Amino acid sequence: MMQIIIQGLLLSGLYALIAMGFMLIFSIGRTLNLAYGAYIMVGGYIYFWLSQQIGMPKVVGFLGAVVVGAIMGLLKHRLIVKPLKGDPVAVEISTLILAVIMQSAVVLLFGDASKILLPIIPGVVTISGAQVTYNILAATVMSWVIILALYAFIRGTHTGRAMQAVSMDQKGAAISGVDPDRINMITWAISGGLGAAGGVFFASYTQLSPTMWVAPVIISVAIVIVGGIGSIIGTLIVAHIIGFLEIIVVAVWAPELRGVFTMLLIIGVLIMRPQGLFGREEH
Amino acid sequence: MTFKYGIATTVAATLMATTAMAEIKVGFIGSLSSDTGLSTLRGAEMAIDELNAAGGVMGEQITLVSADTGEDVTEGVKAYEYLAESEEVDFIISGSIDDVSLGWLPRMQEFQIPTLDTWTSYIGIIDMVVEDPDLMAPYFMNIASDEALATLYINFGADVLKAKMGWESVVILAEDTAFGEAITGLVTDALGPVAGIEVKEIINYDIGTVDFAPIFSKAQASGADFIYQVSSVNSQVISSQYVKLQVPMAMTGVNVSALGLEYWEDTGGAGGGISTLSPIPSVGFELDPVSAQFVTDYQARYDSRPKMPHFNGFNAYHGLKQAMAAAAEAGGFGDVKAWNAAMLKQDLKLEKDGKLWLRYGFWQHGEVEEVTQRTYPQNALFDLTAPYEDAQPSMVVIQWKEDGSVGVVYPFEYANTEFEVPSWVK
């Protein structure tokens, strides 16, 4: 039981970090950014390249990944999302195609084979019979730090409040003097940076591979659909529901069914409460 | 996955461009981006180059076209159709994984193109040969089938895991693939009765699994003495997480990623202690002079991964030459039965220090293997009984050490290091 609680907490923290950037774009930019997984993949590979292949300090690798992720977010907004504004289906398709292109680029640069990231912090500790790496502990702590910082930023700064306003009513925010375009740009950059940061931890917990972007997108979509639009707390709680659900299914039932109940949860919430468990109703 | 109809012809291109002579067209089917696929492709390229340099086969030069499967079953079927219908190849050499081979096999039966599988080891295909030799006449598999691999691995269980390490129970972690199912079934059936090792639990996992922490916890909870893993896809993930988590149980089994020289780099050095069954020749396996020369030539020619060909690269190199020799004897590939009969006669013996070290030949129809008491027609020859005087063993067990070195631990006749548990396993 203790193993389930520990592993559930660790996995959930990671899921929350991964989903946070996706939730921001979905809530504020109103875009189902299916290329979000590409930030995660690129973040992992940039960290791998900087810290493991050319031997730079890990902190430089991490910051490099975040910066590249943020730039990718900005470029995507400028080059794809803005020109296609008003056509959500075209944006979704374009972002999905972009993710596939990024996957091919990664194959070209790094090859098809999976790669393993060295732990950011090496070592293992046994807690109540569960083997816990310092790496995943650090990932969980960092997740919480980043999530709390994001929460403070959105609640406590002018830009953050403007992001909230745009998320609720873009036209109303514009009338109040907020520049939605600028806010969207900032949001895409933050989302890209968060995705890349999540990618470093996700890759160090699992693996690097050109197809690694798919699973985090599915997790993010699940968390945001079940949690609802515009709720950091909701994202956090649902990340824990899904994280624990997966661990429990693997530990007491069958590993092959790991993702099945998450999918059932999505369907259930879509039918029973389309706005999500913690989301506001859209009009 | 993208289906690439890319023509990867690298064989004597200049010569071919200036010569109007007839040609023998060879098709490669496999992944063009995996170490497995590239090993077969490159082995075939080298064999073709050598044959062409020596004047070709029956006075004809050999060309090579390739079709990428991307290790996807659907793409594999399309790739086979492309080689058969669009390229109209005479012979196909395959570096496909088991599931992909099973996908295109009905196409091979339909088109009746002589085909040599260098990686797939699924015993079910050999069963098809037994059941319908005419329909399966074009098919040869020059890797020992998985039943032979598993049978010898059971001996490792008895001789080392039970007798030397004192382990009496196992938990099996198996990926959900045709290969995983086949190996798990074979091991489960034999570990208890032959090696005296009880199978406590079988845990199957999806090949997309990237988080093994709860699975290892479940394995520990089974109370077994060691873990037997069966992994042919994304194997470095389970290995590296085993090392990173320092799972306090020994783990051995089948780990395909550990068969390549890149394993250490791919796992970021988190791969020590992992042991795996490996077809021959493997990394850490001492080579005879002919095989050593092949590796030297390979490394002089290719500077990208895989730095050393996997076993199927050797199989492709020798197997393609044997297929061409059979064609020369049978008057080409057109008469499949004649080619089949000539192919069955192929027999290449490689010696090391005066001892038979490797043998590239095939089991005949009706020839019974004495340990398993069954037949393996058109499957690579192997020997399941020490001291392996008839052929090489069906497999060896190799182990990566925590310092990054690798060696053979079983059978003892081929061993150059000892099996040991990782330092964190008490």
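I will talk through one sheet in chain B and then the largest cavity.

Please keep in mind that this is a predicted model, in which local features need pLDDT of at least 70 and side-chain atom pairs count only at pLDDT 80 or more, while totals for chains, interfaces and linings use all residues. Residues are numbered from 1 along each chain as its sequence is written, chains are lettered from A in the order in which they are written, and side-chain values use heavy atoms, without hydrogens and water.

In chain B, 4 strands (DSSP runs of E, at least two residues, numbered from the N terminus) make an open parallel sheet in the order β7-β6-β8-β9, where pairing requires at least two DSSP bridges between two strands. Because β7 (198-205) and β9 (250-255) of chain B each have a single partner strand, they stand at the edges, with one side of each left without a neighbour in the sheet. Inside this order, β6 (residues 169-175) and β8 (residues 226-231) of chain B pair in the parallel sense over 5 bridges, and B:L173 has B:Q229 as its bridge partner in β8(B).

Turning to the cavities, meaning sets of points on a 1 Å grid over the protein atoms alone where a 1.4 Å probe fits but cannot get out, with lining residues having an atom within 4 Å of a point, the count comes to 6 of 30 Å³ or more. Of the 17 residues that line the largest cavity, the closest to its centre are B:N142, B:I143, B:A144, B:A380 and B:Q392. Strand β12 (residues 355-361) of chain B gives the largest share of that lining, 3 residues.

Key: On a 1 Å grid over the protein atoms alone, a cavity is a set of points where a 1.4 Å probe fits but cannot get out, and a pocket is an open set with protein on both sides within 12 Å along at least five of seven lines; lining residues have an atom within 4 Å of a point. Grid points are joined across faces, edges and corners, and a volume is the space filled by probe spheres set on the points.
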